[in-house]
Amino acid sequence: MLKINWNYIKGLFLAALVVFLYGFSHKKNSTQKVHDISIEFEKGDNLFMNYDMVNKLLIQNGKTVKNQAKSVIDLQKFEAKVLAHPMVEDASVYLTVDGLLKTKIKQRTPIARITTNSSSYYIDRQAKVMPLSSNHSARTLLVSGNIKEEDSKKIYQLASTILSDEFLKKQIIGVQKMQNNEFVLMTRIGGQIILIGKIEDLKQKFENLKSFFNKTLADNTIDNYTTINLKYNNQVVCTKK
């Protein structure tokens, strides 16, 4: 008499059931429609972009994705479009199980605003050029003068150094690039002009500057000077009024 292998039969049955349920679930999921769109800005920060601007990026075949089948939604294309926007630093676009199209956006962070005779734009914390926004004007370090696109990394280095120091961040209110490719800083207290020369040895130059300010603010002589020159090696050369 043949002995029936019930464990083998149970295994086949379970395997068939899994295949059936997967196929059923896949078919149901592919025919399910997108019921809504959710747009989320990191930390609720949507200064430079608004929800309408993002919605316009989530258009497929000339129409909104709402009520379109999930199976026809090109998520990679949507994500690439959002990432290509000049105000976006990072983004992700995905569909939830219940048919919600979610878009999460991290906007770029400007650290300096550049103004030349022909254009105005930001440089962000990744040293990239970022256009101005009609929705919001960022309060950043102002940089003007004879600026070219290849100066972006130098300005990023200078702005990052200033913004990383609480004293310098409060004291330095503007930067100007001169025709000789040297840089000048404008101050909040005293109104002095600071000559820093080339964008090099910034750490030492700013340490010297802070020592000078600490001394002259302590003895109330800061207003006696019009120019502070940091161009020379480990020296602070000043011009009195």
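## Paired strands, packed helices and two cores

Tyr94 has Lys102 as its bridge partner, and Lys102 lies in β5. The model is predicted: local features need pLDDT of at least 70, side-chain atom pairs count only at pLDDT 80 or more, and totals for chains, interfaces and linings use all residues. Residues are numbered from 1 along each chain as its sequence is written, and side-chain values use heavy atoms, with hydrogens and water left out.

**The β4-β5 hairpin**

Strand β4 covers residues 88-95 and strand β5 covers residues 100-107. Helices (H or I, at least four residues) and strands (E, at least two) are DSSP runs, numbered from the N terminus. Four residues separate β4 from β5 in a hairpin. Gly99 sits in the turn with a positive phi of about 95°. Two strands pair if DSSP finds at least two bridges between them. The table lists several pairs.

| Strand pair | Sense | Bridges |
|---|---|---|
| β4 and β5 | antiparallel | seven bridges |
| β6 and β7 | antiparallel | five bridges |
| β7 and β8 | antiparallel | three bridges |
| β10 and β11 | antiparallel | five bridges |

**The nine-stranded sheet**

An open sheet holds nine strands, ordered β8-β7-β6-β9-β10-β11-β12-β13-β14. The pairing is mixed. β8 (129-131) and β14 (237-240) are the edge strands, each pairing on one side only. Neighbouring strands of the sheet are turned by 25° against each other on average, direction ignored. Axes are lines fitted to C-alpha atoms, for helices over the stretch in contact, and angles run from 0 to 180 degrees between N-to-C directions.

Two hairpins share β7. One joins β6 to β7 with four residues between them. There, Pro110 stands opposite Asp124 of β7. The other joins β7 to β8, again with four residues between the strands. Its turn contains Ala127, which has a positive phi of about 65°. Across this pair, Tyr122 faces Met130 in β8 as its opposite residue. Farther along the sheet order, β10 (residues 172-177) pairs with β11 (residues 183-187). Phe183 in β11 is the bridge partner of Lys177.

**Helices on the sheet**

Helix α4 (residues 152-163) packs on the sheet. It touches β6 (110-115), β7 (120-124), β8, β9 (141-145), β10, β11 and β12 (193-197). The direction of α4 makes about 130° with that of β6. Helix α6 (residues 202-218) lies across β11, β12, β13 (225-229) and β14. It runs at about 150° to β13. Contact means heavy atoms within 4.5 Å.

**Burial and aromatic pairs**

Which part of β7 is buried? Four of its five residues are. Buried means under 20% relative accessible area, exposed over 50%, and partly exposed in between (1.4 Å probe, protein chains only).

Five aromatic pairs turn up in a search of the whole structure. Phe48 and Tyr122 make an edge-to-face pair, with 6.2 Å centre to centre and 65° between the planes. Because Phe48 lies in the loop between β1 (36-41) and α2 (51-57) and Tyr122 in β7, the pair ties together parts that are 74 residues apart in sequence. Both Phe48 and Tyr122 are buried. Rings of Phe, Tyr and Trp (its six-membered ring) pair if their centres lie within 6.5 Å; planes under 30 degrees apart count as stacked, over 60 as edge-to-face and the rest as tilted. Elsewhere, ring pairs join Phe167, Phe212, Phe213 and Tyr225 in a cluster.

**Two cores**

The largest nonpolar core has 29 residues. Such a core is a set of buried Ala, Val, Leu, Ile, Met, Phe, Trp, Tyr and Cys residues joined through side-chain atoms within 4.5 Å. Leu158, Leu185, Ile194 and Ile196 touch the most other members. Helix α6 gives the most to this core, with five residues. Beyond four places in sequence, the contacts of Ile194 include Ile172, Leu185, Leu209, Phe213 and Ile228. A second, separate core has 22 residues, among them Ile39, Leu58, Val82 and Val93.

**Two buried residues**

Gln171 belongs to helix α5 (residues 166-171). Its relative accessible area is 3%, so Gln171 is buried. Not counting residues up to four places away in sequence, Gln171 touches Met186, Thr187, Arg188, Ile189 and Phe213.

Ile37 belongs to strand β1. Ile37 counts as buried because its relative accessibility is 17%. Its contacts beyond four places in sequence are Asn55, Leu58, Thr64, Val65, Lys66, Leu100 and Leu101. Ile37 and Thr64 stand 27 residues apart in sequence and 9.5 Å apart in space, C-alpha to C-alpha.
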